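Please open the structure in the viewer and follow the selections below in order. The tour moves from a single chain to a contact between two chains.

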Amino acid sequence: MSTISRDEVAHLARLARIDVTEAELDTFAGQLDVILDSMAKVSEVAGDDVPPMTHAADVTNVFREDVPRPGLSQQQALSGAPAAEDGRFKVPRILGEEQ
Amino acid sequence: MTEPITLTAAELASRIHAGEVSSVAVTKAHLERIGEVDKEINAFLHVDTEGALATAERVDADIAAGNPPASPLAGVPLGLKDVLTTSGQPTTCGSRTLEGWIPPYDATVTRKLAEAGVVVLGKTNMDEFAMGSSTENSAYGPTANPWDTTRVPGGSSGGSAAALAAFEAAMSIGTDTGGSIRQPGAMTGTVGVKPTYGGVSRYGLVAFSSSLDQAGPCARTVLDAALLHEIIAGHDPLDSTSLAAPVPPVAAAARSGAEGDLRGVRVGVVSELAGGEHGDGYQAGVLRSFSSAVDRLRELGAEVMEVSCPYFRYALAAYYLIAPSECSSNLARFDAMRYGLRVGDDGSASAERVMSRSREEGFGAEVKRRIIVGTYALSAGYYDAYYGSAQQVRTLVTRDFNAAYEQVDVLVSPTAPTTAFPIGERVDDPMAMYRADLCTIPANLAGIPAMSVPSGLSDDDGLPVGLQIMAPALAEDSMYRVAAAYERARDEAAGSALTEHLPQL
Amino acid sequence: MTAKAESMSDTMDYEDVVANFDPVLGLEVHVELSTATKMFCGCPNAFGGEPNTHVCPTCLGLPGALPVVNGTGVESAIRIGLGLNCEIAPWCRFARKNYFYPDMPKNFQTSQYDEPIAVNGYLDVELGDGETIRVGIERAHMEEDTGKSSHVGGATGRIHGADYSLLDYNRAGVPLIEIVTKPITGTGRRAPEVARAYVTALRDLLRAMGVSDVRMDQGSLRCDANVSLAPKGSAEFGTRSETKNVNSLRSVERAVRYEMTRQAALLARGEKVVQETRHFQETDGTTSPGRPKETSEDYRYFPEPDLVPIAPSAAWIEQLRATLPELPWERRKRIQAEWNLTDEELRDLVNTGAADLVAATVDAGAPVDDARSWWVQYLTEQANSREAELAELPITPAQVARVIELVAEGTLTTKLGREVVQGVLAGEGDPDEVISARGLEVVSDDSALTAAIDEALAAQPDVVDKIRGGKVQAAGAIVGAVMKATKGQADAKRVRELILERCGVVG
């Protein structure tokens, strides 16, 4: 069913924000082909009348009261941050090169 | 190797609560054992000596003051899989991306253990983000199987299982998305239970595949697993998929099962999981062990019949689409912005570049592979053929289970097609690795409870084999009952407990 | 960059546009709900605050944290759906919309995709001349807001050329309802007006329901305008642009109009309209292209596995329907009858945006005529001088009603009342707070007034004689002097009475 090209793997990796190496592209392209080939048989089995199952339990309408709950302090929120400034998460410039 | 580390959790608890031994002494003995053997086993990623002793001291003080124990397992040491958040200890998920991350909050399971006075020794090793069947995908090195340290302990909860087999902890917590508690249980000769989906809160369980993940107890005996099960299970308003139902009385079921009477219990052998004509890749010794386990159940009075679940043969494929799809989304948050490894932030690189670099360096090969497969399966042009079809297969697998449970109370199969394989054997062959989950995946897809109980040693390689017992949703008690009856009969027939055959480390 | 090069000369004259093209509109409005907590966690849903203080593991997207749906958020969504005459889905789900952006903590937005909670409704929109247009509603769905980024370094503090960015997640996870119209066709030259009227009507509806602050200036109501042109008479839609950053009702109208003239110019030159996101520039009323989209936009939607489906029962929906307030257009019909207004009077009231405000002021206890005159005259002047919508003035109908009450009972003169309103508009608090802070109460103490009157009478004995001689109108000069002496804080009517009394004339 599928033959997944090196370019396709590169495209998927971009979508997934993973900077794969050239060597990885080669390995993954081969492996993904095998994996997806083995998985493709799922499409042969179920007819249109079979509903998809997203959840293991048939439960609906689980809601929370609209009442505030204590959260994290600013210090806790930033405790794992690679960089912070003025109570905010400091991140590299957003979308620098495209503009 | 001597007491107290060789005792079961139930025995330790009763001695601690009776004041015959202190929790501190028991905790120290386990910490010493970790110090002695964990260089070789690598079951723990982090050992919290101070925190463990502090908990033990509190339990001892409580008992000295004449208070009733906080729970039936208060004071007993445990290993916690490093995928559950702990505010006092690092939580790495076996990934480089979370190296040194200390969460600002506790998982519900972590909180329940603390409230029960359980002594958390530390965090156990695992396949990165629980993706794997051998614990070789840990960024912090593989865990060795105590039965043969050149072999894997299974995975992804390999650290939790190996810690039990190496007597580094009396019990542990694992998580199971496609077999990650049961399969390591089988490969290390220990008991591992995946509860009904929604039975144990997922709040604070770092998600791999949200619709399949479930935390559960690991122990050396069925009763210990049941006691731990009752501590961690129950409804949690912080998890929308947590079931608002009472916890099944599993400890009572384990005790009654141990009386050894299974008359009136109907047991179904799943033909699709029992080797024979379907048995591609099943090890002969595993099939023989399974067949004698089934004989034993019959001897205990169970009514055994063969049951067919035809759609199980599509379960593996469905799983390896659903789980990667969900993981591709769940792991998107590891982007080096708010926490975790950041690479390449040189002041000129954009956020997007830094994200991609950091994810490339922070994730291991299997995680990247699955993210890419999942990204593909969810893509606009492929969704229906892959993710959509896989969800339909899930419906069909569930219907198979429902039909089977109209005829029987529990279903049985081998837990894994083979015994523990050598470290390194399957790392470059993802499909061979994935087949280790062949028997365990259907239960995850349907959300039903399932467990692995050791069925002795394979007669071809002398390594442990697991018997899988599966029950309908929220009917864990029937599963525990069968397991406890079988466990006792197994040891009686062998003339000794399985763990007594463990090689010296 | 092309945006800089693009100038007004690249547009077509509006008359030529409508002579040659049919515009098609699609409006997407995002509304922040005014629930107490966020959509999926118990953090406070509050505007502002110290950065990263309204956050928890869930809205920060920490590993392991899970969402739980805010029931009040769902109720608001259903009520909005009912208010827009939509069908409420008997069963629907949340879905994950996957894309990477640093202001989105999980790198997916929990939203709804092909299973929205409300579909297929309409909103009747009245235009300035009284014509009513029915705008079809495609869907209304629930989702969550993102955090806020600020950009440091570079020349302008804007995203372009910044050295780095800072992220505050207080807003992340705030409940949003996205309301999407069906394509709006056949409006011709009135398309910009229709767009504005639609957003106005929607805002009034949401305000009446009390589900949102609907403050465009604060971002609690945001509008994206999709515009395309088709050659006159063609059945096929043209390529559309999506204009974002449209932050006021006036901007909605301007943005649509500009896009029509820009696209027409492109098409007339034989060029193609690019399907893209554009940004509205408040300063010159133009739009400029946003960043190019990723190589391929693929959000990889799938049902959110961490949340269970929502299945509103018929009983629940009916219960919510019963809580719907009188809707703005129903109220207009009622007030026209009750207040005895001609169609034209009502339209004036509606066009100034005053109708609902007057009605609310009446509800707060003010007489109809007073309420009308305050809103249509003084407050409309105030809004115009600020280039703001009447409803955007920082004064509530209840506060206006209080001023009217104080004037009626003589505590304030009309002039003082206006000063009080100024104080409220300046953010000095409620009318009573402004009065005490500014010391504005009318001097109603007769003895204090008598002193001022005696002084004025003594200064103008000739006027006193005139009064005594029966020329009571002459009292006006004394009244003026007294009002001047009391800095206007006297009730002129009472002053006049006292003057006549002093002069021995009974008024």
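Select chain C and display its contacts: of those between residues at least 6 apart in sequence, 69% join residues at least 24 apart. This is a predicted model, and for the complex the predictor reports an ipTM of 0.96 and a pTM of 0.88.

Keep chain C selected and switch to a cartoon representation, in which 17 helices and 15 strands can be traced. Oriented along the principal axes, the C-alpha atoms of chain C fill a box of roughly 95 × 55 × 55 Å. Of the 507 residues in chain C, 46% are buried.

Next, colour chain C by pLDDT. The average is 89, and 95% of the residues score at least 70. Then select residues 1-8 of chain C, where the pLDDT is below 50. Beyond near neighbours in sequence, this stretch has 3 contacts in the model.

Now turn to chains A and B and select the residues at their contact: 45 belong to chain A and 54 to chain B. Which helices of chain B each supply at least two residues of the side that touches chain A? They are helix 10 (315-330), helix 11 (351-362), helix 12 (365-377), helix 13 (384-407) and helix 14 (430-434). Highlight helix 13 of chain B, which provides the largest share of that side, 12 residues.

Finally, colour the side of chain B that touches chain A by residue class: 28 residues are nonpolar, 15 polar and 11 charged.

Technical notes. Residues are numbered from 1 along each chain as its sequence is written. Chains are lettered from A and ligands numbered from 1 in the order in which they are written. This is a predicted model: local features need pLDDT of at least 70, side-chain atom pairs count only at pLDDT 80 or more; totals for chains, interfaces and linings use all residues. pLDDT is the predictor's confidence in each residue, from 0 to 100. Two residues are in contact if their C-beta atoms, placed from the backbone, lie within 7 Å. Helices (H or I, at least four residues) and strands (E, at least two) are DSSP runs, numbered from the N terminus. Ala, Val, Leu, Ile, Met, Phe, Trp, Tyr, Cys and Pro count as nonpolar, Asp, Glu, Lys and Arg as charged, and the others, Gly among them, as polar. A residue is buried if 20 or more other C-beta atoms lie within 10 Å of its own, exposed if 12 or fewer, and partly exposed in between; C-beta atoms are placed from the backbone.
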